[in-house]
Amino acid sequence: MEDEELKQIPFPFMPQNLMGNTDFMVTDCNREAFAMVAQWPHWPENGLVIYGPEGCGKTHLAHLLVDKVKKTLQHGENISIVNAAQIKMRNVNRLAMENKHLVVENLTAKADNEALFHLFNIFHNEEGRSILWTSATAPHYMHFPLKDLQSRLNMLPSIAIKEPDDQMLQMLIVKLFNDRQLRISPEILEYIIHHTQRSFFYVCRLVEEIDAVSLAYQVSVNYFVVQKALSILKDQEDKQPDLFDEW
């Protein structure tokens with residue numbers, strides 16, 4: 001953080017990132033996605049796509065599915081979480097051999113289309129297998145170069161997680177502060193709600209910045225700390241890259 005007024009450099013603290021069933025907050029913005037994960041293994045196409053903005057809880061839902069699936073697995077069966085960018089033709093067969101079920105995160109059109117197509121065919125054509133795919137947008141809008149992969153993914157149920165509603169916004173802010181072992185007053189919470197952008201990603205950045213400012217000034221979270229954090233994020237957003245910087 002570049003600010004001459006800060007009194008000290010904050011020591012980085014890794015917040016707890018709880019992934020249990022009771023830690024997942026359900027409101028209208030994510031209720032359908034949560035319900036579909038809970039319905040496993042009764043998915044219509046042996047697969048499901050959950051998409052939404054960064055920080056909306058897709059990875060949390062993936063871990064909830066893993067916990068649910070593990071309770072049903074037989075000896076020698078497994079379920080793994082893998083990033084779509086890591087799936088290549090050289091490892092796709094091994095992934096299929098080692099896992100009865102799979103979570104593929106961060107699906108994009110830039111991933112290895114041939115490998116994903118091969119993986120799709122293995123898991124969606126064999127009875128008793130399943131894949132949860134997560135992405136920022138619905139497959140329909142990704143424009144995969146391999147049209148066969150595009151058509152396969154388009155067949156899957158795709159469930160959106162929307163940006164936070166009022167109820168989610170309040171619960172999310174409280175959870176993020178609790179994860180960092182920080183306490184805030186109802187007045188400060190209300191102030192943050194009225195001044196934050198309604199975005200999972202922005203709220204996460206804001207709480208992180210509030211924590212950093214609070215540590216730097218060695219004060220509890222108050223109006224000044226929140227205002228300072230909001231100002232820092234605004235300055236970061238206002239800094240647009242110069243078109244001539246790369247020349």
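Me: How many disulfides does the structure hold?
Reply: Zero. A pair would need its cysteine sulfur atoms within 2.5 Å to count as a disulfide.

Me: And what is a disulfide in chemical terms?
Reply: A covalent bond between the sulfur atoms of two cysteines.

Me: Why is Cys 29 not bonded to Cys 56?
Reply: Their sulfurs are 8.2 Å apart, which is too far for a bond, and Cys 56 has the closest cysteine sulfur to Cys 29. From the other side, the sulfur nearest to Cys 56 is that of Cys 29, and Cys 56 is in no disulfide.

Me: Is Cys 29 buried or exposed?
Reply: Cys 29 is buried, at a relative accessible area of 4%. Buried means under 20% relative accessible area, exposed means over 50%, and partly exposed is in between, using a 1.4 Å probe and protein chains only. Cys 56 also has 4% relative accessibility, so Cys 56 counts as buried.

Me: Before I go on, what kind of model is this, and which cut-offs apply?
Reply: It's a predicted model, where local features need pLDDT of at least 70 and side-chain atom pairs count only at pLDDT 80 or more, while totals for chains, interfaces and linings use all residues. Residues are numbered from 1 along each chain as its sequence is written, and side-chain values use heavy atoms, with hydrogens and water left out.

Me: OK, the overall layout. How many helices and strands are there?
Reply: Nine helices and five strands. These are DSSP runs numbered from the N terminus: helices are H or I with at least four residues, strands are E with at least two. Starting at the N terminus, the order is α-β-α-β-α-β-α-β-α-β-α-α-α-α. Of the 247 residues in the chain, 45% are buried.

Me: Switching to E3. Which residues cover its two sides?
Reply: His 101, Val 103 and Glu 105 are on one side, Leu 102 and Val 104 on the other, and all are buried. That's five of its five residues.

Me: Which sense does E3 pair in with strand E2, and over how many bridges?
Reply: E2 (residues 79-83) and E3 pair in the parallel sense over five bridges. Two strands pair if DSSP finds at least two bridges between them. Ser 80 is opposite Leu 102 of E3. Between E2 and E3 the chain goes through H3, in a right-handed β-α-β crossover. Right-handed means that, with the strands pointing away from the viewer, the path from the first strand over the helix to the second runs clockwise.

Me: What about E3 and E4?
Reply: Those two are parallel too, over four bridges. Leu 102 has Ile 131 in E4 as its bridge partner. E3, H4 and E4 form a right-handed β-α-β unit.

Me: So H4 is the linker there. What do its buried residues pack against?
Reply: Strand E1 (47-51), helix H3 (92-98), strand E3 (101-105), strand E4 (130-135) and helix H5 (147-155). Among those buried residues are Leu 116, Phe 117, Phe 120 and Phe 123.

Me: What caps the N-terminal end of H4?
Reply: Asp 112, with a side-chain oxygen 3.2 Å from the backbone nitrogen of Glu 114.

Me: Last one, Gln 150 in H5. Which residues is Gln 150 in contact with?
Reply: Pro 139, His 140, Met 142, His 143 and Phe 144, leaving aside neighbours within four places in sequence. Contact means heavy atoms within 4.5 Å. Gln 150 is buried, with 10% relative accessible area. A polar atom of its side chain lies 3.3 Å from the backbone nitrogen of His 143.

Technical notes
Polar contact = N/O pair within 3.5 Å; in protein donor to acceptor, adjacent residues only side chain to side chain.
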